[in-house]
Amino acid sequence: MAEPVSQNAPEDDPDRSEEDKPRLSRSEERGGSRRRAKPAKKRSFWKELPILLVIALVLTILIQTFLAKVFMIPSGSMEATLHGCPGCTGDRILVDRVTYDFTEPSPGDVIVFKGPQAWINNEIAPQESSNIVVQGLRGLGSLVGFAPPDERDFVKRVIAVGGQTVQCCDQQGRMIVDGKSLDEPYIHWEDPSVQEQKTFEPVKVPAGMVWVQGDNRNNSDDSRFQGGGGVNGAVPVDNIIGKARIIVLPPSRWGGITDHNPQASGQPVALGAPAWQSGLPLGAGIAAAWPALFLGRKLKSGLRRAAGRKP
């Protein structure tokens, strides 16, 4: 009796080449009867783009919140170190937010800080829009450094720190800290023919504060004026956002920001007195010279007469 022929007999034919045999999927090799799974379709670039943008924005916000932030210079108080002059493209600077977690601010550091309550003269005065969308875009631009900040943020240079006494000026018109004239090569004079600073009496900077001034020395509302001047013009260290490190935009302005210490090569100075006081010693000397000369002549004449009377 003949045996039935299996339907898979052609496939089991040992003489059949491997190329002619159909390939089995893993599920079929394991004895399963499921169909081969279709490969997943690759997501299009235009669908992935919004996700990439959101991730980039979140990373930018996190970096600028905790590590470094980009600020726009809105005024000319730090010319010519930082551009913010009317009619020019304001510099964008990268501010290090980590440094002062481990160190204290030093003289010469260019810092960004939140204006304390006493700073009533706000040199950053953006015009507010009533449009909610515009306000949102402005806030986002400020967050990533492409729009002027809405909050009262300032950028100045540290001149003196807590415990030091600052005043202006010596006979050459230089700032004085702890009795030494400062070396300030970064000062910018808008009118080169007027290179003198506003004088003020000695101020001892309170502990935990810094005394700051703009490099554009005669066009800067800083510690000399804010809060009426004096100790009210000092800035709490806790208000400091970070240290300005690099100019990132525009490309033509790329470069580091100088932190030249003006106190490092300061020269001891003897504070000058008013001209009329300086002339007192000379006047007193001249006034005393006549009586001394008169008395000297009298004494000399008397000695000669006494000597002539001797036998």
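Two strands pair if DSSP finds at least two bridges between them. With that in hand, here are some close-up views of this predicted model.

**View A. Strands β5 and β8 lie side by side in an antiparallel pair.** Strand β5 covers residues 165-168, and 3 bridges link it to β8. To find your way in, start at T165, whose bridge partner in β8 is K204.

**View B. An open sheet is built from 5 strands.** Reading across the sheet, the order is β8-β5-β6-β7-β13, and the pairing is antiparallel. At the edges you will find β8 (200-204) and β13 (267-268), each of which pairs on one side only.

**View C. F200 sits among the best-connected members of the largest nonpolar core.** This core has 16 residues, and V166, F200 and W211 touch the most other members. At least two of its residues come from each of β4, β5, β6 (175-177) and β8. Look around F200 and, leaving aside neighbours within four places in sequence, you will meet V166, Q167, C168, M175, W211, Q213 and R224 in contact with it.

**View D. A second, separate core holds 13 residues.** Among them are F71, M78, V112 and I241.

**View E. Strand β3 is largely enclosed by the rest of the structure.** Why is that? Of the 5 residues in β3 (residues 110-114), 4 are buried, so the strand is largely enclosed. β3 runs antiparallel to β4 (residues 153-161), and 5 bridges join the two; here F113 has F154 as its bridge partner. β3 also pairs with β11 (residues 240-249), again in the antiparallel sense, over 3 bridges. In that pairing, V112 is matched with G242.

Definitions and conventions: Residues numbered from 1 in each chain as written. Predicted model: local features only at pLDDT ≥ 70, side-chain atom pairs only at ≥ 80, totals over all residues. Heavy atoms only, no water. Buried < 20%, exposed > 50% of the residue type's maximum accessible area, 1.4 Å probe, protein only. Core = buried A, V, L, I, M, F, W, Y, C linked by side-chain atoms within 4.5 Å. Contact = heavy atoms within 4.5 Å.
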